[in-house]
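Reader: Hi! I'm in my first year and still learning to read structures. Could you take me slowly through one part of this one, the sheet, and show me how the chains come together there?

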Amino acid sequence: MMPQLLTVRVNRPRGRAIRIWVPVLPVILLLSPFLILAALAAAVACLVYRVKVTQAFGTGWRLFCALPGTRFDVQEGRTAVLVSIR
Amino acid sequence: MNEQRKDILGLLAEGKITPDEAEQLIAALERDQPPVAAGSEGRPKAKAKYLRLEVDTLENGEPGRVNARVPLQLLRAGVRLAALIPPQALTRANAELGKSGVPIDLTQLKPEQLEALVEQLDEMTLEVDQPDAKVRIFCE
């Protein structure tokens with residue numbers, strides 16, 4: 001299943017914590033014109049480097065779909081950054 | 001009482017089979033049933049889903065912590081990227097590795113072998129304990 005939500009939280013020593021929730025599907029739809037261009041560029045790159053286009057896209061999609069559950073939490077003193085993909 | 005046993009007793013009640021035949025059928029039924037596992041020891045161990053990395057550091061008196069969780073599924077998908085590396089890139093990488101004294105032939109590295117490696121990560125636990133840093137890598 002593809003990722004649904006990206007959560008970013010930044011705690012700073014001074015000031016309020018920043019929390020950002022990014023719904024993945026709407027963002028993909030919003031960026032779809034650019035993504036189509038990027039996919040075309042990737043396909044050309046695959047042909048230039050003699051890599052199977054279908055295999056490359058299949059692997060990319062599988063990587064994307066395997067992202068849910070990923071979580072990075074970094075704390076340094078009173079500063080903390082959390083990135084979570086659900 | 002399970003359905004098969006009921007059926008056998010029903011056949012016996014209807015007179016379609018003799019008591020000896022019913023006994024043989026029930027005995028055969030009991031032989032075919034798998035033994036019930038006692039406690040949780042009989043259950044297969046739950047498969048690990050995530051690779052965890054925990055780093056605790058102490059730099060200039062300030063504690064630092066890194067806590068990362070990566071799905072093993074992502075690693076499995078990632079090793080498939082090895083199949084996408086162009087052959088000419090592998091040849092050049094082999095040459096550079098050879099120059100650096102690491103004679104590894106990357107063309108012999110198959111995605112299936114890497115996947116088998118990821119499969120065996122379940123049991124792995126790596127701990128590094130230093131006075132100012134502690135690293136722990138494990139699967140859960």
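Author: Happy to; here is a walk along the sheet, from its edges to the place where the chains meet and on to a helix that packs against it.

Please keep in mind that this is a predicted model. Let's begin with chain A. Its secondary structure consists of three helices and four strands. If you follow the sequence with your finger, the elements of chain A come in the pattern β-β-α-α-α-β-β.

Now look at the sheet itself. Eight strands make up an open sheet, with antiparallel pairing. Going across, you meet E2(A), E1(A), E4(A) and E3(A), and then E2(B), E1(B), E4(B) and E3(B). As a reminder from general chemistry, strands of a sheet pair through backbone hydrogen bonds, either parallel or antiparallel. Where does this sheet end? Its edge strands are strand E2 (18-23) of chain A and strand E3 (125-130) of chain B, each of which pairs on one side only. From one strand to the next, the twist averages 5°.

Next, find the place in the sheet where one chain hands over to the other. E3(A) and E2(B) run antiparallel there and are joined by six bridges. For a pair to look at, find A:Gln75, which stands opposite B:Arg65 in E2(B).

You can then widen the view to the whole contact between the chains. Chain A brings 19 residues to it, and chain B brings 19 residues. On the side of chain A that touches chain B, helix H3 (53-65) and strand E3 (71-76) of chain A each supply at least two residues. E3(A) gives the most to that side, with six residues. By type, the residues on this side of chain A are eight nonpolar, six polar and five charged.

Finally, let's move to the far end, in chain B. Here E3(B) pairs with strand E4 (residues 133-139) of chain B in the antiparallel sense, over six bridges. In this pair, B:Thr125 stands opposite B:Phe138 in E4(B). Helix H3 (residues 72-79) of chain B packs on the sheet, where it touches strand E1 (50-59), strand E2 (62-71) and E4 of chain B. The direction of this helix makes about 65° with that of E2(B). So E2(B) is a good strand to rest your eye on: it is joined to E3(A) by six bridges, and helix H3 of chain B touches E2(B) as well.

Technical notes. Residues numbered from 1 in each chain as written. Chains lettered and ligands numbered in written order. Predicted model: local features only at pLDDT ≥ 70, side-chain atom pairs only at ≥ 80, totals over all residues. Pairing = 2+ DSSP bridges. Axes fitted to C-alpha atoms, helices over the stretch in contact; angles between N-to-C directions. Contact = placed C-beta atoms within 7 Å. Nonpolar A, V, L, I, M, F, W, Y, C, P; charged D, E, K, R; others polar.
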